[in-house]
Amino acid sequence: MINNTRQFSSKTILGWLFLLITGIVIIWLMTRWVGMNTAQEIRETARERLSLYQGTLVGALEKYRYLPFVLSENEDIKQLLTTSQNDPYFSDTVSRSLAATNNKAESNVLFVMNSKGNTLASSNWRDERSFVGHNYSFRPYFKDAMEGKEGRFFAMGTVSGIPGFFMSHPVYGKSGVIGVVIVKVNLAPLQRQWRDGGETVFISDENSIVFLSSRDDWLYKALKPISPERMSHIQAVKQYGNSGLELLDFKSKNFVGEIVTEIDKKRYLETTWEIDNQNWKLHYLFPIDLIKERQGTTTTIGSVILITILVAALFVRERRQKHISTRRALEAEKIQIINQQLEVEIDERRRTEKELRSAQDGLVQAGKLAALGQMSAAIAHEINQPISAMRTFIASARLLLQRGRIEELDSSLQNVSSLTERMGSITGQLKTFARKAPVKLEPVEIKKPISRAISLVQPLLDEENVELIADLPKTLLYVEGDEIRLEQVFVNLLRNAIDAMEKTEKKRLEVRAEQQGSTLTISVSDNGTGLDSTIIDQLYDPFFTTKTNSEGLGLGLSITYGIVKDLKGSIEASNHSSGGAEFLITFPSSE
């Protein structure tokens with residue numbers, strides 16, 4: 001009772017642990033799924049927002065793209081670049097026209113440079129930080145325009161210190177490109193819109209430097225280290241003035257199966273968008289607080305549900321325990337009644353045991369009589385073969401006497417004498433076999449018992465017109481055994497094979513022996529009717545036979561099986577692939 005209680009308690013504890021662990025795993029999986037699903041929603045929203053930000057940015061830039069082209073066709077600008085470069089009055093006239101156009105277009109600055117990069121006219125010609133007289137030949141937008149292309153370049157102003165986006169267009173004269181018209185667009189209003197929108201957005205250039213951002217403290221900082229070659233180029237074109245281009249505290253980490261970005265120890269879900277024709281990348285950062293909030297809510301709800309389930313399970317278990325206690329009290333009364341009935345049954349069983357002992361003694365005596373009958377039948381079966389052979393030899397001796405061939409009688413009489421000795425050996429071995437007494441074992445050359453067995457059944461082979469194929473190796477192969485008992489095995493198998501081919505027209509019997517490693521294998525096969533698969537397991541049972549005549553006692557294979565097992569061998573019956581039955585005997589070889 002104590003063991004059952006302990007076992008019950010152990011199973012109960014394991015059950016509660018399993019329920020608790022399963023609940024925790026389900027809550028963890030649900031929390032992770034909610035996190036991944038929320039991240040996917042944020043990604044979709046981020047892509048929509050990025051598309052809007054890109055449209056706003058491209059629209060702000062494309063708004064002024066036409067200006068350099070239109071001004072490059074202005075005749076006054078062309079005259080300034082050809083014949084009036086040294087005329088201050090004409091330069092002021094063009095600057096005044098550029099200022100009017102700049103105010104109308106609401107751009108930042110419009111200016112004109114000659115082929116050497118010197119600024120001849122500018123919309124800010126009256127300002128203290130006027131571009132007039134300054135050389136900007138080092139800027140990429142000037143070099144691109146002089147090569148006949150439209151120039152585009154974001155940089156910090158070397159004079160004004162104000163960052164802006166520069167777009168340029170070549171001015172063509174009779175001799176080719178004679179100068180460049182440039183418009184500078186101030187993107188500060190766009191940055192203010194981003195900042196006022198409350199979202200975290202920034203743009204990085206091809207060197208991963210942040211140059212537009214809703215966070216001012218991230219401006220002109222690099223997302224990754226800049227190679228010395230690229231740093232030299234940036235300084236050569238004075239793109240970011242005297243900015244140190246420090247490395248932003250930018251890291252990537254894994255969160256709910258997503259790669260999140262950590263900047264200044266705050267983590268964001270980052271989505272990027274490539275801006276066409278600019279080698280710029282637009283970054284949209286969404287704090288992961290929403291993901292954590294939803295995960296926390298999921299964890300809380302899951303925990304409440306799990307606790308509710310555990311409390312309900314405890315309540316159900318308590319009710320069940322009360323029911324079990326009540327039932328056990330009722331069972332205790334029944335057990336008392338059953339104990340009284342058991343005492344009566346015990347007395348009856350004691351009387352039954354005495355009767356069973358008496359019946360058991362009778363069964364033992366019956367078993368002894370059955371064993372005695374089995375030995376008698378075995379003697380009749382085993383001696384019948386040498387007696388038949390003796391009849392044949394005696395008939396042959398009579399025939400020799402009638403013909404006066406006295407000198408040949410000795411061979412027949414020796415065979416008869418050998419058969420009588422064998423009969424004596426058989427009866428002695430049957431006695432030993434019946435008593436399960438140990439037999440003296442010695443190395444036996446396997447071809448001897450096989451040859452003698454073939455010699456014994458040879459008259460029967462001739463009578464039944466059986467073709468015998470004996471494939472025996474020329475080398476000497478030994479097994480640990482008894483020659484007479486081995487001969488009995490092979491005689492029984494050969495006789496069974498001959499009987500099995502009774503209805504076969506062309507009868508063929510094969511005996512083969514070969515050594516395979518440390519074992520010796522002997523096979524006896526025929527081309528008879530074969531074995532029924534339903535009786536193979538019964539072949540070695542005493543008195544089991546498939547013969548319909550009175551000659552079959554059903555002991556041959558039983559005795560054969562016993563001899564093979566006594567000699568530490570094995571025997572296996574099967575149907576041959578080409579038809580007929582095959583018996584395969586395996587012995588450990590003896591050197």
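Which residues does N114 touch, not counting residues up to four places away in sequence? In this predicted model, N114 lies in strand 1, which spans residues 109-114. Setting aside residues up to four places away in sequence, N114 touches L81, Q85, L120, F142, I178 and G179. The relative accessibility of N114 is 5%, and N114 is therefore classed as buried, the limit for that class being under 20%.

One of the residues touched by N114 is L81, and residue 81 falls within the range of helix 3, residues 75-82. The axis of helix 3 comes within 10 Å of the axis of helix 4 (residues 88-105), and the two axes cross at roughly 145 degrees. The crossing of helix 3 with helix 4 is left-handed. On the side of helix 3, the residues that take part are D76, I77, Q79 and L80. Their partners in helix 4 are F90, S91, V94 and L98.

A second helix pair is formed by helix 11 (residues 483-500) and helix 12 (residues 556-566), whose axes come within 9 Å and cross at roughly 145 degrees. Helix 11 and helix 12 also make a left-handed crossing. Helix 11 contributes R485, Q488, V489, N492, L493 and N496 to the contact. From helix 12, the contact involves G556, L557, T560, I563, V564 and D566.

S518 is placed in a loop, between strand 15 (507-516) and strand 16 (519-526). With a relative accessible area of 56%, S518 is exposed, because the limit for that class is over 50%. Apart from its neighbours within four places in sequence, S518 is in contact with P588 and S589. S518 and P588 are 70 residues apart along the chain, and a distance of 6.2 Å separates their C-alpha atoms.

Helix 1 covers residues 2-62 and includes L17. L17 has a relative accessibility of 42% and so counts as partly exposed, a class that lies between the limits of 20% for buried and 50% for exposed residues. L17 also belongs to a nonpolar patch on the surface, with an area of about 710 Å². The other members of this patch are I13, L14, I21, V25, W28 and L29.

How values were computed:
Residues are numbered from 1 along each chain as its sequence is written. This is a predicted model: local features need pLDDT of at least 70, side-chain atom pairs count only at pLDDT 80 or more; totals for chains, interfaces and linings use all residues. Side-chain values use heavy atoms; hydrogens and water are left out. Patches are made of residues with over 30% relative accessible area and no salt bridge: like charges are joined within 9 Å, nonpolar side chains (Val, Leu, Ile, Met, Phe, Trp, Tyr) within 5 Å. Accessible areas come from the Shrake-Rupley method with a 1.4 Å probe; for residues, only the protein chains shown count as cover. A salt bridge is a side-chain nitrogen of Lys or Arg within 4 Å of a carboxyl oxygen of Asp or Glu. Helices (H or I, at least four residues) and strands (E, at least two) are DSSP runs, numbered from the N terminus. Buried means under 20% relative accessible area, exposed over 50%, partly exposed in between (1.4 Å probe, protein chains only). Axes are lines fitted to C-alpha atoms, for helices over the stretch in contact, and angles run from 0 to 180 degrees between N-to-C directions. A crossing is left-handed if the near helix is turned anticlockwise from the far one by less than a right angle, and right-handed if clockwise. Contact means heavy atoms within 4.5 Å.
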